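Subject: Structure for you to look at

Hello,

Here is the structure I promised to hand over. Please open it beside this email and follow along.

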Amino acid sequence: MKFLLFTFVGAHLLALNSGKAIWRNDTSQRTFQEIKEEIARYGDVAKAIIDLAVYGKAQNRSYERLALLVDTVGSRLSGSKGLEKAIQIMCQNLKEDGLENVHLEPVKIPHWERGEESAVMLEPRMQKMAILGLGSSIGTPPEGITAEVLVVTSFDELRRRAREARGKIVVYNQPYTNYSNTVKYRVQGAVEAAKVGALASLIRSVASFSIYSPHTGIQEYQDGVPQIPTACITVEDAEMMSRMVSHGSKIVIQLKMGAKNYPDADSFNTVAEITGSKYPEQVEHPGDLKVVLVSGHLDSWDVGQGAMDDGGGAFISWEALSLIQDLGLRPKRTLRLVLWTAEEQGGVGAFHYYQSHKANISNYSLVMESDAGTFLPSGLQFTGSDKARAIMKEVMSLLQPINVTQVFSAGEGTDINFWIQEGVPDTMVGVRSPTVVKIEIVLTSGADNH
């Protein structure tokens, strides 16, 4: 809900000056008090959006829309027919919703398939193990890889025991601290194991909780380092093997993976808009801040429906435009919805969009992404100047009726990091654990304050 409101208010006014300036015209700067007073005048708009989304005819609409897509299409892996079917369905849905400038922007994306996969512990006893190959991993030979296991808890330990790793399967039983710190074992685990001569790597799933459930995700190879097969195992099996070796047991595993990488596939970012009443994007006047972009990604992994990652984020982004349109509101700046393709492969679709549009970066007032699940919101996560934070607090105060007013620190996102790296400050609207909704908002510095 705070996402929808902030989208509309942000489309009307921004004077955040919260990072490296993209452009500046000091004659247009206003005082904080003037900005605060203008924000307060959006109280009735805030109430109308809240009433429609929470109590009105739009109640549960985004959930019902999402359920229909995921039930119809299922998983949407990069390069799959399921993803392209979902993109075509969404393009048609956005047109039928009456949104403007609905179109597809082509992107070449990775095409990887996991194939059949299995892992069996042969010593010290027989046990089948649940695994999920990691995205972009190569497969094993048809007969698999059978080798002794080396269990480590960190990259540092692996380096200290490098001589022991040669010709073995490295198992990472890294402790979970938080996602950003722990996910490096999934992303870099195969490369680090290959550097010391390992035949394959198995990574404890990056999760704080497990019910014997391995988690997949992307991993990355490195030029000049041999490529080895890599997969995730459950927290329980990683802990079990750690206990076994601590007791002096020798562990042997047979790993089979049919994973294969194919040539890049054709795909699309899906785009729709509500054109601004005062500042529709006009490249010939790049000084104006005219676009507020909201987004989520349509692709998912292949072992689920992708309802949470990131169907929910994609559909609440669509809902933001739907609610504003239903209320007959016409923001001054253009509201642009982008549904990214191939986010799970490292933000491929978003990077292509950034490369295609960065020449007009000064046209963008905000760029937002929702991609951390859709649960109960509690506030906005923000990175920027003290002045910008103060303005954000005023905007969030409009959500007092639903108690979504907090402004937290820090924020980043795969699909918007390209903008951030160019000096564009960012915020992230979301919640605090255990319920997390992440909406990253990139804010350009500028002087057009209307």
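Start with one helix pair. Helices α4 and α11 cross in a right-handed way. The contact draws on both helices. From α4 come Arg61, Ser62, Arg65, Leu66, Leu69 and Val70. From α11 come Ala307, Gly311, Gly312, Phe315, Ile316, Trp318, Glu319, Ser322, Leu323 and Asp326. Sorted by class, the residues of this contact are eight nonpolar, four polar and four charged.

Before going on, one caution: this is a predicted model.

Now the geometry of that pair. Two numbers describe how a pair of helices packs: the angle between the axes and the distance between them. Helix α4 covers residues 61-73, and helix α11 covers residues 307-326. Their axes come within 9 Å and cross at roughly 135°. How should we name that arrangement? An angle over 145 degrees would count as roughly antiparallel, and 65 to 115 as roughly perpendicular. The crossing angle fits neither range, so α4 and α11 are oblique to each other.

A second pair is worth finding. Helix α2 spans residues 32-40, and helix α13 spans residues 386-397. Their axes lie 9 Å apart, at an angle of about 20°. Angles under 35 degrees count as roughly parallel, so α2 is roughly parallel to α13. The crossing of α2 past α13 is right-handed. Which residues meet here? On the α2 side they are Phe32, Ile35, Lys36 and Ile39. On the α13 side they are Ala390, Ile391, Glu394 and Val395. This contact of α2 with α13 has six nonpolar residues, two charged ones and no polar ones.

Next, the backbone. Two peptide bonds deserve a look.

- The bond from Glu123 to Pro124 is cis, with omega near 5°. Pro124 sits in the loop between β2 (117-123) and β3 (127-129).
- The bond from Asp309 to Asp310 is also cis, with omega near 10°. Asp310 belongs to helix α11. You have met that helix already, as the partner of α4.

Two residues other than glycine have a positive phi.

- Ala342 has phi near 55°. Look for Ala342 in the loop between β12 (334-340) and α12 (348-357).
- Asn403 has phi near 60°. Asn403 lies in the loop between α13 and β15 (406-409).

Are these two buried or exposed? Buried means under 20% relative accessible area, and exposed means over 50%. Ala342 has a relative accessible area of 0%, so Ala342 is buried. Asn403 stands at 54%, so Asn403 counts as exposed.

Last, step back to the whole protein. How many helices and strands does the protein have? There are 14 helices and 17 strands. The protein has 450 residues, and 57% of them are buried. About 18,400 Å² is exposed, and carbon and sulfur atoms supply 51% of that area. Now take the contacts with a separation of 6 or more. Of these, 79% join residues 24 or more positions apart.

When you go through the model, try this order. Find α4 and α11 and trace their right-handed crossing. Then turn to α2 and α13, which also cross in a right-handed way. After that, visit the cis bond at Pro124 and the cis bond at Asp310. Finish with Ala342 and Asn403, the residues with positive phi.

Best wishes

Notes. Residues are numbered from 1 along each chain as its sequence is written. This is a predicted model: local features need pLDDT of at least 70, side-chain atom pairs count only at pLDDT 80 or more; totals for chains, interfaces and linings use all residues. Side-chain values use heavy atoms; hydrogens and water are left out. Axes are lines fitted to C-alpha atoms, for helices over the stretch in contact, and angles run from 0 to 180 degrees between N-to-C directions. Helices (H or I, at least four residues) and strands (E, at least two) are DSSP runs, numbered from the N terminus. A crossing is left-handed if the near helix is turned anticlockwise from the far one by less than a right angle, and right-handed if clockwise. Contact means heavy atoms within 4.5 Å. Ala, Val, Leu, Ile, Met, Phe, Trp, Tyr, Cys and Pro count as nonpolar, Asp, Glu, Lys and Arg as charged, and the others, Gly among them, as polar. Buried means under 20% relative accessible area, exposed over 50%, partly exposed in between (1.4 Å probe, protein chains only). Accessible areas come from the Shrake-Rupley method with a 1.4 Å probe; for residues, only the protein chains shown count as cover.
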